[in-house]
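Please open the model in your viewer and keep the sequence panel beside it, since this tour moves from one selection to the next. At each stop you will be told what to select and what can be found there.

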Amino acid sequence: MDLGLRDRVYLVTGGSRGLGFAAAQELVADGARVVLSAPHEATAAAASARLAQHAAAAGAVAAGAVAWVVADNADPAAPGQLIAAARERFGRLDGALISVGGSPPGTIATTTDEAWRAAFESVFLGGVRLARVLVADLVGAGGAAAGSVTGAGGSIVFVLSSSVRVPLAELAISNGLFPGLAGVVKTLAGELGPAGIRVNGVLPVRIATDRVRELDALRGDPDEVRARLSEHIPLRRYGEPEEFGRTAAFLLSPAASYITGAMIPVDGGAISSI
C-alpha cells in the first residue's frame with residue numbers, strides 16, 4: 001500500500017529515541033522527509049544520522065531527508081524553530097507527530113507542585129502550543145478545501161497514553177494531563193476539519209522502548225516484569241517500536257484521509273474499555 005508520503009515533510013518532536021524515533025523511521029522509509037527535535041544536540045545529531053542511514057538503505061529518498069533542531073517542548077520558541085527549519089530545508093510542511101514524552105512516576109500524594117508545573121509546561125502546554133503554531137502555518141500556507149480527499153491540508157498526530165482511557169497506577173501526572181490532551185485533539189479535529197487538517201491521537205501500551213524498560217525496572221527485574229505483564233495483553237507480548245511507527249505514519253499520511261478526531265490504541269488489545 002502506497003501511503004502517499006513521498007516528499008511530504010513532517011515535524012517529529014522527541015524524535016531522537018523511543019516512539020518518536022520509530023515514527024520518524026517509518027516516515028523516511030516511505031519517502032517522507034522529517035525535521036526531528038530533541039533537547040540535546042548530541043542525541044539529535046546521532047538520531048538524524050541513523051535516520052539518514054535508514055532512508056538510504058531503504059532506497060526511499062535521496063540524501064538529506066532528515067534535519068534536526070535542538071529544542072525543548074517547554075520552550076515557547078521551539079515551534080517557530082521547527083517550522084522555520086522545515087520551510088528553509090525542504091520548502092514545505094505537511095504536519096507533525098507531537099510526542100510529548102512520558103511523565104515521571106508518582107502517586108497523587110507524592111507528586112509535588114513543582115513536578116506538576118514542569119510536566120504541564122512540557123507535556124500539555126508544549127504540545128498544545130506546537131499544534132497552535134503549526135496550524136497557523138498550515139492554514140496560512142493554504143489548507144485543503146472542505147471535502148478534499150487529498151490530505152493536502154495537513155495532519156497532526158499526538159502521541160498520548162492509555163491513561164486517556166484507564167488511569168495508570170503510580171502515574172498521577174499522566175492520568176491528569178493526557179486525558180486533557182485527548183480533549184484538545186477532539187476539539188482541534190472539529191475546529192480544523194473545514195480546512196482539511198486532520199488531528200488524531202495514538203494510545204500506545206507496552207511498546208518495547210527504553211522508557212518502558214526503565215518503568216519496568218522500577219517494579220523489579222525488567223525481563224521478569226515484561227513476561228508477567230505480557231500475560232495480561234491479549235496478544236501476549238509487548239509491541240515493537242516499528243509497529244507503533246507504522247501506525248503513526250499511516251495516520252499522518254494521505255492514506256488516512258477520512259480519519260480525524262480518533263483515539264487509536266496501539267496496545268495488543270490491552271485497553272479493555274470500549
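What follows is a walk through a predicted model, from the whole chain to single residues.

**The whole chain**

Begin with the entire chain in cartoon view, where eight helices and seven strands can be picked out. The radius of gyration is 18 Å, close to the 19 Å that the globule rule gives for 274 residues, so the chain is as compact as a globular protein of that length. If you draw a box along the principal axes, the C-alpha atoms fill roughly 50 × 40 × 35 Å. Switching to a surface view shows an accessible surface of about 12,100 Å², of which 56% belongs to carbon and sulfur atoms, while 50% of the 274 residues count as buried. Among the contacts in the chain with a separation of 6 or more, 76% are made by residues 24 or more positions apart.

**Colouring by confidence**

Next, colour the chain by pLDDT, which averages 91, with 94% of the residues scoring at least 70. Then select residues 143–149, where the pLDDT is below 50, although this stretch still has eleven contacts in the model beyond near neighbours in sequence. Where pLDDT is low, the predicted coordinates should not be read in detail.

**The sheet and its edges**

Now select the seven strands, which form an open sheet in the order 3-2-1-4-5-6-7 with parallel pairing. Which strands stand at the edges? They are strand 3 (66–70) and strand 7 (263–266), and each has a single partner strand, so one side of each is left without a neighbour in the sheet. Looking along the sheet, you can follow a twist that averages 20° from one strand to the next.

To see an edge in detail, select strand 2 (residues 33–38) together with strand 3, which pair in the parallel sense over five bridges. Within this pair, S37 stands opposite V69 in strand 3.

**Strand 5**

Move along to strand 5 (155–159) and show its side chains. How many residues of strand 5 are buried? Five of the five are, so the strand is largely enclosed by the rest of the structure. In a regular strand the side chains alternate between the two faces of the sheet. Here both faces are covered, with S155, V157 and V159 buried on one side and I156 and F158 buried on the other.

Add the two partners of this strand to the selection. Strand 4 (residues 95–99) runs parallel to strand 5 and is joined to it by five bridges, and in this pairing L97 stands opposite V157. Five bridges likewise join strand 5 to strand 6 (residues 198–204), again in parallel, and the bridge partner of F158 in strand 6 is G201.

**Helix 2: S48 and L51**

Select helix 2 (residues 41–58), where S48 is found, and where L51 also lies. S48 is buried, with a relative accessible area of 8%, and, leaving aside its neighbours within four places in sequence, it is in contact with L36, V66 and W68. L51 counts as buried at 0% relative accessibility; not counting residues up to four places away in sequence, L51 touches F21, A24, Q25, V28, V34, L36 and V66. For a sense of scale, draw a line from L51 to Y238, which is 187 residues away in sequence and 24 Å away in space, C-alpha to C-alpha.

**Helix 5: L188**

Turn to helix 5 (172–192) and select L188, which is found in this helix. Is L188 buried or exposed? At 13% relative accessibility it counts as buried. Apart from its neighbours within four places in sequence, L188 is in contact with A131, F158, G193 and V199, and F158 is one of the buried residues of strand 5 visited earlier. The C-alpha atoms of L188 and G176, twelve residues apart along the chain, are separated by 19 Å.

**Two backbone stops**

Most residues other than glycine have a negative phi. With that in mind, select D7, which has a positive phi of about 70° although it is not a glycine. D7 is found in the segment before strand 1 (9–12) and is partly exposed, with a relative accessible area of 36%.

Finish at E170, which has a positive phi of about 60° and is likewise not a glycine. E170 is placed in the loop between strand 5 and helix 5, and this residue is exposed, with a relative accessible area of 57%.

Technical notes
Residues numbered from 1 in each chain as written. Predicted model: local features only at pLDDT ≥ 70, side-chain atom pairs only at ≥ 80, totals over all residues. Heavy atoms only, no water. Pairing = 2+ DSSP bridges. Helix = DSSP H or I, 4+ residues; strand = E, 2+ residues; numbered from the N terminus. Axes fitted to C-alpha atoms, helices over the stretch in contact; angles between N-to-C directions. Rg over C-alpha atoms; globule rule 2.2 N^0.38 Å. Buried < 20%, exposed > 50% of the residue type's maximum accessible area, 1.4 Å probe, protein only. Contact = heavy atoms within 4.5 Å. Areas by Shrake-Rupley, 256 points an atom, 1.4 Å probe, with all protein chains shown as cover. pLDDT = per-residue confidence, 0-100.
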